[in-house]
Amino acid sequence: MPEVPYLLHAAEYPDGRGMLRVLGTLPFNPVRMFDISDVPQGESRGGHAHRECWQVLYCAQGEVSIATTSLTPLDHEFDAAWHLQEGDAVVLPPLNCVDMTGFSSDCVLVVLASHPYNPSEVIAE
């Protein structure tokens with residue numbers, strides 16, 4: 001059975017100095033990080049999968065909708081969708097296509113990746 005995407009919620013530790021959010025243990029050691037922000041209303045991102053790269057999609061601010069589709073034959077029962085708010089994350093294993101839609105105007109989606117960027121590793125939807 002393939003690895004399936006799943007939701008994480010960051011633990012929150014507020015105090016007089018602000019908010020600390022912690023995701024805890026990740027299923028891989030990140031080697032790359034980028035963020036997605038300022039997405040125009042009605043635009044989408046993603047539309048692809050990776051052959052080997054794992055990702056964590058972490059909503060640092062605002063809201064966004066995430067939908068995943070398994071590219072592994074016969075495993076579409078694991079297709080899923082989530083509406084992320086601040087502190088939510090989706091762990092995305094390889095061979096799962098992701099579509100990101102419904103970005104709020106203030107959304108900042110931070111992506112942690114297990115591999116350096118390699119265009120030959122990307123599978124277009």
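**Exercise 1: The aromatic pair**

Count the aromatic pairs in this predicted model, then work out whether the rings of Phe28 and Trp54 are stacked, edge-to-face or tilted.

*Solution.*
- Step 1. The count comes to 1 aromatic pair.
- Step 2. To describe a pair of rings, you need the distance of the centres and the angle of the planes.
- Step 3. For Phe28 and Trp54, the centres are 6.5 Å apart and the planes stand at 40°.
- Step 4. Planes under 30 degrees apart would be stacked and planes over 60 would be edge-to-face, so what's left is called tilted. With planes at 40°, the pair of Phe28 and Trp54 is therefore tilted.
- Step 5. Now find the two residues in the chain. Phe28 sits in the loop between strand E3 (18–22) and E4, while Trp54 sits in the loop between strand E5 (45–50) and E6. They are 26 residues apart, and the pair links distant parts of the chain.
- Step 6. Finally, check the surface: both Phe28 and Trp54 are buried.

**Exercise 2: Two open sheets**

For the sheet that contains E1, give the strand order and say which strands stand at the edges. Then do likewise for the sheet that contains E8.

*Solution.*
- Step 1. Five strands in the order E1-E9-E6-E11-E4 make up an open sheet, with antiparallel pairing.
- Step 2. Strand E1 (6–9) and strand E4 (32–37) have a single partner strand each, so they are the edges, and one side of each has no neighbour in the sheet.
- Step 3. From one strand to the next, the twist averages 25°.
- Step 4. Zoom in on one pairing here: strand E6 (residues 55–61) and strand E11 (residues 108–113) run antiparallel and are joined by 6 bridges. Try spotting Gln55, which stands opposite Ala113 in E11.
- Step 5. Over to the sheet with E8. This open sheet has 5 strands as well, in the order E8-E7-E10-E5-E12, and its pairing is antiparallel.
- Step 6. Its edges are strand E8 (80–85) and E12; each has a single partner strand, so one side of each is left free of a neighbour in the sheet.
- Step 7. Here, neighbouring strands are turned by 30° against each other on average, ignoring direction.
- Step 8. One pairing to look at: strand E7 (residues 63–70) meets E10 over 6 bridges in the antiparallel sense. Ser65 has Thr101 in E10 as its bridge partner.

**Exercise 3: Salt bridges and a network**

How many salt bridges does the structure hold, and which residues do they join into one network?

*Solution.*
- Step 1. Start with the idea: side chains of opposite charge can pair when their charged atoms come close.
- Step 2. The total is 3 salt bridges.
- Step 3. One of them joins Asp15 and Arg17, whose closest N and O atoms are 2.6 Å apart. Asp15 is partly exposed at 39% relative accessibility, whereas Arg17 is exposed at 79%.
- Step 4. Next, take Arg21, which is partly exposed at 29%. Its side chain meets that of Glu12 at 3.2 Å, N to O, and Glu12 is partly exposed at 42%.
- Step 5. Arg21 also forms a salt bridge with Glu86, at 3.5 Å, N to O. Arg21 lies in strand E3 and Glu86 in the loop between E8 and E9, so this pair ties together parts 65 residues apart in sequence.
- Step 6. Put the shared partners together and you get one network made of Glu12, Arg21 and Glu86.

**Exercise 4: Unusual phi angles**

Asp38 and Leu95 each have a phi worth a look. Is each phi positive or negative, and where do the two residues lie?

*Solution.*
- Step 1. Recall the general rule: most residues other than glycine have a negative phi.
- Step 2. Asp38 isn't a glycine, yet its phi is positive, about 55°. You'll find Asp38 in the loop between E4 and E5, and at 66% relative accessibility it is exposed.
- Step 3. Leu95 isn't a glycine either, and its phi is positive too, about 65°. Leu95 lies in the loop between strand E9 (88–92) and strand E10 (96–101). At 35% relative accessibility, Leu95 counts as partly exposed.

**Exercise 5: A nonpolar patch**

Which residues make the nonpolar surface patch of about 290 Å²?

*Solution.*
- Step 1. The patch is made by Tyr13, Leu20 and Val22.
- Step 2. Pick out Tyr13: it is in strand E2 (residues 11–15), and its relative accessible area of 47% makes it partly exposed.

Terms used. Residues are numbered from 1 along each chain as its sequence is written. This is a predicted model: local features need pLDDT of at least 70, side-chain atom pairs count only at pLDDT 80 or more; totals for chains, interfaces and linings use all residues. Side-chain values use heavy atoms; hydrogens and water are left out. Patches are made of residues with over 30% relative accessible area and no salt bridge: like charges are joined within 9 Å, nonpolar side chains (Val, Leu, Ile, Met, Phe, Trp, Tyr) within 5 Å. Accessible areas come from the Shrake-Rupley method with a 1.4 Å probe; for residues, only the protein chains shown count as cover. A salt bridge is a side-chain nitrogen of Lys or Arg within 4 Å of a carboxyl oxygen of Asp or Glu. Helices (H or I, at least four residues) and strands (E, at least two) are DSSP runs, numbered from the N terminus. Buried means under 20% relative accessible area, exposed over 50%, partly exposed in between (1.4 Å probe, protein chains only). Two strands pair if DSSP finds at least two bridges between them. Axes are lines fitted to C-alpha atoms, for helices over the stretch in contact, and angles run from 0 to 180 degrees between N-to-C directions. Rings of Phe, Tyr and Trp (its six-membered ring) pair if their centres lie within 6.5 Å; planes under 30 degrees apart count as stacked, over 60 as edge-to-face and the rest as tilted.
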